[in-house]
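Visitor: I would like a close look at a single part of this structure, namely the salt bridges and what they join. Could you take me through them with some care, and then turn to the ligand?

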Amino acid sequence: MADREASHTALATAYLRAAHQLLDAPPRILDDPIAVRLLGNAAPQKIHDEIERYQSAPARALRSHVVLRSRYTEDCLQAAQQRGITQYIILGAGFDTFALRQPAWAKSLKIFEVDHPGTQALKRSHLAAAALEMPANLAFAQIDFEHESLLDGLLRHGVSLDEPTLFSWLGVTMYLNEAAIDSALLSVAAFPSGSEIVLTFLQPPESASDAAPAQLAGRVAGAGEPFVSYFEPEAMAEKLTGAGFTKLEFLSPEDADTKYYKHRPTDLPVPRRTGIVSAIR
Ligand SMILES: C[S@@+](CC[C@H](N)C(=O)[O-])C[C@H]1O[C@@H](n2cnc3c(N)ncnc32)[C@H](O)[C@@H]1O
């Protein structure tokens, strides 16, 4: 990603969440009434103009992963809030809408959206165009994970290192080199005991049973944001325990099915490899 540029993939995942609201049957995995509005008036028509692509099997599989990771994270956040966390830090937030549609239980949290300056500027212009007001408990923090220590960046933006915190890091690790990932995990592990991170990672396309992961890698590379880091779950577990996290939960397809898919229509497939893990320290 060039220095001043906004992430194309952040916009692409925002369109997938909007498509989930417009195209998928209720009950949805993620109810997000702001997703479409944030993209602007032209978004519904844009999605309908490309309906064949949005309803293709690979697009439905990717959409399923994108809405599942947000839903799972928000469920972890609710549980974490009940056990006393006071800050929610969304790393690489893109067009995340949680702060704009936060339920009553979240109002006591301090929410920080951390992102690359280019992407954050684009999001803020969308917020203004949609006349969406910033909630009082939301702050923006511009941090480039590859050019500044996460801890330094968070301190610069008024984050308290003494408060138990939940971090989400969805759809980001695959774009960062391993040194930046390790450094960010160490920053997160510096927060008090009980703090948590929910992150997604990609398994190497070579170990997939179909060609979809390799095709996705080709598409994002074509958009100028190549995947650079892949991990098998065992390697990710080692990384997280090495950084100081003790309680790990990898969301399995079976658990995802039971929790989120079994009681709804079959228009979205359960991801075969979720690549979602929660880690508490
Ligand atoms: C695929 S998007 C995911 C956005 C959002 N988390 C979601 O689930 O829709 C990747 C995000 O990572 C951010 N990102 C990528 N490289 C970054 C870096 N070096 N520093 C900060 N953010 C970065 C992008 O700006 C973008 O918001």
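Guide: In this predicted model, a good place to begin is a pair of residues that are both buried, aspartate 24 and arginine 63. These two form a salt bridge in which the closest N and O atoms are 2.9 Å apart. Aspartate 24 sits in the loop between α1 and α2 (34-39), while arginine 63 belongs to helix α5 (residues 57-82), so the pair ties together parts that are 39 residues apart in sequence.

A second salt bridge joins the side chains of glutamate 113 and lysine 123, with an N to O distance of 2.6 Å. Here glutamate 113 comes from strand β2 (residues 110-115) and lysine 123 from helix α6 (residues 117-129), so the parts tied together are 10 residues apart in sequence. Glutamate 113 and lysine 123 are both buried.

The side chains of lysine 239 and glutamate 178 meet in a further salt bridge, at 2.8 Å from N to O. This pair links distant parts of the chain, since lysine 239 lies in helix α10 (residues 233-243) and glutamate 178 in helix α8 (residues 178-189), 61 residues apart. Its two members differ in exposure: lysine 239 is buried, with a relative accessible area of 14%, whereas glutamate 178 is partly exposed, with a relative accessible area of 42%.

Besides these pairs, Asp32, Glu74 and Arg101 are linked in a network of salt bridges, and a search of the whole structure finds 15 salt bridges. As a general point, side chains of opposite charge can pair when their charged atoms come close.

Turning to the ligand, 22 residues surround it, the closest being Arg69, Gly92, Asp115, Thr119 and Leu170. By class, this shell has nine nonpolar, eight polar and five charged residues, and its largest share, four residues, is contributed by helix α1 (residues 8-23). Several polar contacts can be described atom by atom. An N or O atom in the side chain of arginine 17 is 2.8 Å from an oxygen atom of the ligand, whereas histidine 116 places a backbone N or O atom 3.4 Å from a ligand nitrogen. Leucine 170 also takes part through its backbone, where a polar atom is 2.8 Å from a nitrogen atom of the ligand. Taken alone, the ligand exposes 590 Å², and the protein buries 96% of that.

How values were computed
Residues numbered from 1 in each chain as written. Predicted model: local features only at pLDDT ≥ 70, side-chain atom pairs only at ≥ 80, totals over all residues. Heavy atoms only, no water. Near = heavy atom within 4 Å. Polar contact = N/O pair within 3.5 Å; in protein donor to acceptor, adjacent residues only side chain to side chain. Areas by Shrake-Rupley, 256 points an atom, 1.4 Å probe, with all protein chains shown as cover. Helix = DSSP H or I, 4+ residues; strand = E, 2+ residues; numbered from the N terminus. Nonpolar A, V, L, I, M, F, W, Y, C, P; charged D, E, K, R; others polar. Salt bridge = Lys/Arg side-chain N within 4 Å of Asp/Glu carboxyl O. Buried < 20%, exposed > 50% of the residue type's maximum accessible area, 1.4 Å probe, protein only.
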